[in-house]
Amino acid sequence: VPDAGDGGALDAPGEIARLELGEGIPFRRIADGDTLVLSRGSQGGQHVCINLRAFAMVGRGMRIRLWITRDSDGAIVTDEFTTRLSFYPPDAGGAPTDFVELTDLALQFPISDGGVLPAGVLDTDLTIHGELVDRDGRMASEDTSVRVAWGENACSAFLIVDAGRLEGKV
């Protein structure tokens, strides 16, 4: 059960660390063959929003690495997302959970001076890669085959703001 005082440290001796790549609120695990929604950001960027769930890992100060490659040649087609952030237990209404999570990471696709995606991103077989290392050195990774397609903004943080504007609350 996560210990909130430790940023979500899991008391799971012997349990194997595991990462799940997902999207949306509520969390939906990305399955092989899924299409991720490519969104236009407010500052001209183009991105997909990714959520992460970590099992049997210490949540505070986790090292994260996310990127997408094109299957045909292995080329990296996103900006590599590498940082250290803290994961937290989800709001489960007081119910215990066996994971910690981080939501709404914007994985950016580089754009040319003309504001277009690099060739070979849309209608192409891609793989999203995720790696985590917690402060105790436990590692977890996941690779999932995906495609990307244009859609409405898929980041829940942005959707909340957009919905508030529509209702005159923001």
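What share of the 170 residues of the chain count as buried? In this predicted model, the figure is 43%. The accessible surface of the chain comes to about 9,000 Å². Carbon and sulfur atoms hold 51% of that surface.

The secondary structure consists of nine strands and one helix. Read from the N terminus, the elements follow the order β-β-β-β-β-β-β-β-β-α. Contacts between distant parts of the sequence are frequent in the count: among contacts in the chain with a separation of 6 or more, 68% link residues 24 or more positions apart.

Strand pairing was examined around β9. β8 and β9 run antiparallel and are paired over eight bridges. Within this pairing, Thr127 stands opposite Ser145 of β9. The two strands, β8 and β9, form a hairpin, and five residues lie between them. Gly137 sits in the turn and has a positive phi of about 85°. β9 also pairs with β3. Here the strands are parallel, and five bridges join them. Thr35 has Arg147 in β9 as its bridge partner.

The largest nonpolar core contains 31 residues. Those with the most contacts inside this core are Val48, Ile50, Leu52, Leu66, Phe87, Phe109 and Leu132. At least two core residues come from each of β1 (18-23), β3 (34-40), β4 (46-55), β5 (62-70), β7 (99-109), β8 (126-133) and β9 (139-150). β7 provides the largest share, with five residues.

One aromatic pair is present in the structure. The ring centres of Phe55 and Phe99 are 5.5 Å apart, and the ring planes meet at 50°, so the pair is tilted. Phe55 belongs to strand β4 and Phe99 to strand β7; the pair therefore ties together parts that are 44 residues apart in sequence. Phe55 and Phe99 are both buried.

Two acidic residues were examined for burial and contacts. The first is Asp134, in the loop between β8 and β9. Asp134 counts as buried because its relative accessibility is 3%, against a cut-off of under 20%. A polar atom of the Asp134 side chain lies 2.8 Å from the backbone nitrogen of Val58. With neighbours within four places in sequence left aside, Asp134 is in contact with Met57, Val58 and Met62. Val58 thus appears both in the list of contacts and as the residue whose backbone nitrogen faces the Asp134 side chain at 2.8 Å.

The second is Glu23, in strand β1. Glu23 has a relative accessible area of 14% and is therefore buried. The side chains of Glu23 and Arg28 are joined by a polar contact of 2.3 Å. Not counting residues up to four places away in sequence, Glu23 touches Arg28, Ile30, Thr35, Leu36, Cys49 and Asn51. Among these contacts is Thr35, the residue with Arg147 in β9 as its bridge partner.

Technical notes: Residues numbered from 1 in each chain as written. Predicted model: local features only at pLDDT ≥ 70, side-chain atom pairs only at ≥ 80, totals over all residues. Heavy atoms only, no water. Core = buried A, V, L, I, M, F, W, Y, C linked by side-chain atoms within 4.5 Å. Buried < 20%, exposed > 50% of the residue type's maximum accessible area, 1.4 Å probe, protein only. Helix = DSSP H or I, 4+ residues; strand = E, 2+ residues; numbered from the N terminus. Pairing = 2+ DSSP bridges. Contact = heavy atoms within 4.5 Å. Areas by Shrake-Rupley, 256 points an atom, 1.4 Å probe, with all protein chains shown as cover. Polar contact = N/O pair within 3.5 Å; in protein donor to acceptor, adjacent residues only side chain to side chain. Phe/Tyr/Trp six-rings, centres within 6.5 Å; stacked < 30°, edge-to-face > 60°.
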